[in-house]
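Me: I would like to go through this chain in short questions. Please reason each one out and finish on the answer.

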Amino acid sequence: MDTEFVPLLKNKTGYITDASNYRAIAISNAESKLLENIVLQRIQSSQDDVHCYQLGFKKGHSTGLCTYMLKQTVEYYTMGGSHVFLCFVNFSKAFDKVNYWKLFIMLFNDSLYFYCIKLLVFWYSNQMACVRWRNSISSTFHIGNGTSRVEFYVRDIISSIVNCGVGCHVGECYMNLFAYADDMVLLAPAWSAIQKTLTILKTVCTKLI
């Protein structure tokens with residue numbers, strides 16, 4: 001349950017003294033990676049229609065596919081003589097701000113294997129980490145938030161917007177949102193519809209904090 005964080009500079013031409021100009025790479029030990037693979041084989045999220053709008057974190061999918069679907073939807077509307085308003089949403093440091101306990105509740109609601117979730121609860125509750133900077137290593141500290149499993153966290157957001165009945169649609173299929181990974185794009189043929197989806201987004205996000 002010990003992890004080592006290594007800060008990497010994002011923009012070499014930016015300020016190297018700015019903490020936001022760094023991203024952390026977590027280096028886990030071999031035992032941790034082995035256990036993760038075992039747990040991954042037993043945990044399968046319940047599949048629903050919302051997952052088709054989440055194109056990140058999915059085998060056989062990519063952000064390139066997401067961009068293609070976005071362009072096709074925009075072209076469908078513009079060829080018909082309609083406007084399309086887009087709003088790109090970037091969740092700042094989404095991976096680092098996930099609330100563990102709300103995530104565990106989502107996993108329980110998915111009726112996942114109980115003992116796997118119990119293991120994850122213990123694992124996440126007892127994670128320790130240190131930071132390595134060149135040849136120096138910090139003292140260890142407890143990790144209280146953050147995970148790579150953001151797709152569970154954003155699922156309610158996707159569901160709320162897709163099912164709101166507002167925004168772009170092709171036939172009976174709403175195409176009002178596409179999720180890359182933790183980033184999303186909202187689509188609507190009118191600015192008032194974009195505003196409504198943003199209001200829904202804010203309401204759902206507030207509940208997840």
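Me: How many Å does helix H4 reach from its first C-alpha to its last?
Reply: This is a predicted model. H4 covers residues 114–125, which makes 12 residues. At 1.5 Å a residue, the expected span is 16 Å. The helix comes close to that, with a reach of 16 Å.

Me: Which residues of H4 are buried?
Reply: Buried means under 20% relative accessible area. In H4 this applies to Cys-116, Ile-117, Leu-120, Val-121, Trp-123 and Tyr-124.

Me: What covers the buried residues of H4?
Reply: The cover includes two helices and a strand. The strand is S6 (141–142). The helices are H1 (30–42) and H3 (100–109).

Me: In what order do the strands of the open sheet with S3, S9 and S10 run?
Reply: The sheet has 3 strands, paired antiparallel. S3 (85–90) and S9 (177–179) stand at the edges, each with a single partner strand, so one side of each has no neighbour in the sheet. Neighbouring strands are turned by 15° against each other on average, direction ignored. The order is S3-S10-S9.

Me: How many bridges pair S3 with S10?
Reply: S10 spans residues 183–188 and pairs with S3 in the antiparallel sense. One of the bridges sets Phe-88 against Val-185 in S10. Another sets Asn-90 against Asp-183. The pairing of S3 and S10 runs over 6 bridges.

Me: Which residue in S10 does Phe-178 stand opposite?
Reply: S9 and S10 run antiparallel and are joined by 3 bridges. Phe-88 has Val-185 as its bridge partner in S10. Phe-178 also stands opposite Val-185.

Me: How many of the 6 residues of S10 are buried?
Reply: S10 is largely enclosed by the rest of the structure. For the chain of 209 residues, 36% count as buried. For S10 the count is 5 of the 6 residues.

Me: Which strands of the sheet does helix H2 touch?
Reply: H2 (residues 63–79) packs on the sheet. Its direction makes about 165° with that of S9. The strands touched are S3, S9 and S10.

Me: Within what arc do the buried residues of H2 fall, seen down its axis?
Reply: The buried residues of H2 are Cys-66, Leu-70, Thr-73 and Tyr-77. An α-helix has 3.6 residues a turn, so residues three or four places apart point the same way. The buried residues of H2 line one face of the helix, because their arc is 65°.

Me: Which residues are exposed on the other side of H2?
Reply: The buried residues of H2 are covered by elements including S3, strand S7 (169–170), S9 and S10. Exposed means over 50% relative accessible area. On the other side of H2, the exposed residues are Tyr-68, Lys-71 and Met-79.

Me: Is Thr-67 buried, partly exposed or exposed?
Reply: Thr-67 is found in helix H2. Its C-alpha atom is separated by 9.8 Å from that of Leu-55, 12 residues apart along the chain. With a relative accessible area of 27%, Thr-67 is partly exposed.

Me: What is the phi of Gly-81?
Reply: H2 has 17 residues and reaches 24 Å from first to last C-alpha. Gly-81 follows the helix. Its phi is positive, near 85°.

Me: How are the rings of Tyr-22 and Trp-133 arranged?
Reply: A pair of aromatic rings is described by the distance of the centres and the angle of the planes. For Tyr-22 and Trp-133 the centres are 6.1 Å apart and the planes are at 70°. Planes over 60 degrees apart give the class, so this pair is edge-to-face.

Me: How many residues apart are Tyr-22 and Trp-133?
Reply: Tyr-22 lies in strand S2 (residues 22–28) and is buried at 18%. Trp-133 lies in strand S4 (residues 128–133) and is partly exposed at 41%. The pair links distant parts of the chain, 111 residues apart.

Me: Which residue of the pair Tyr-76 and Tyr-77 is buried?
Reply: The two rings form an edge-to-face pair, 5.7 Å centre to centre with 75° between the planes. Tyr-76 has 48% relative accessibility and counts as partly exposed. At 11%, the buried residue is Tyr-77.

How values were computed: Residues are numbered from 1 along each chain as its sequence is written. This is a predicted model: local features need pLDDT of at least 70, side-chain atom pairs count only at pLDDT 80 or more; totals for chains, interfaces and linings use all residues. Side-chain values use heavy atoms; hydrogens and water are left out. Two strands pair if DSSP finds at least two bridges between them. Helices (H or I, at least four residues) and strands (E, at least two) are DSSP runs, numbered from the N terminus. Axes are lines fitted to C-alpha atoms, for helices over the stretch in contact, and angles run from 0 to 180 degrees between N-to-C directions. Contact means heavy atoms within 4.5 Å. Rings of Phe, Tyr and Trp (its six-membered ring) pair if their centres lie within 6.5 Å; planes under 30 degrees apart count as stacked, over 60 as edge-to-face and the rest as tilted. Buried means under 20% relative accessible area, exposed over 50%, partly exposed in between (1.4 Å probe, protein chains only). The expected span of a helix is 1.5 Å times one less than its number of residues. The arc is that of the directions from the helix axis to the C-beta atoms.
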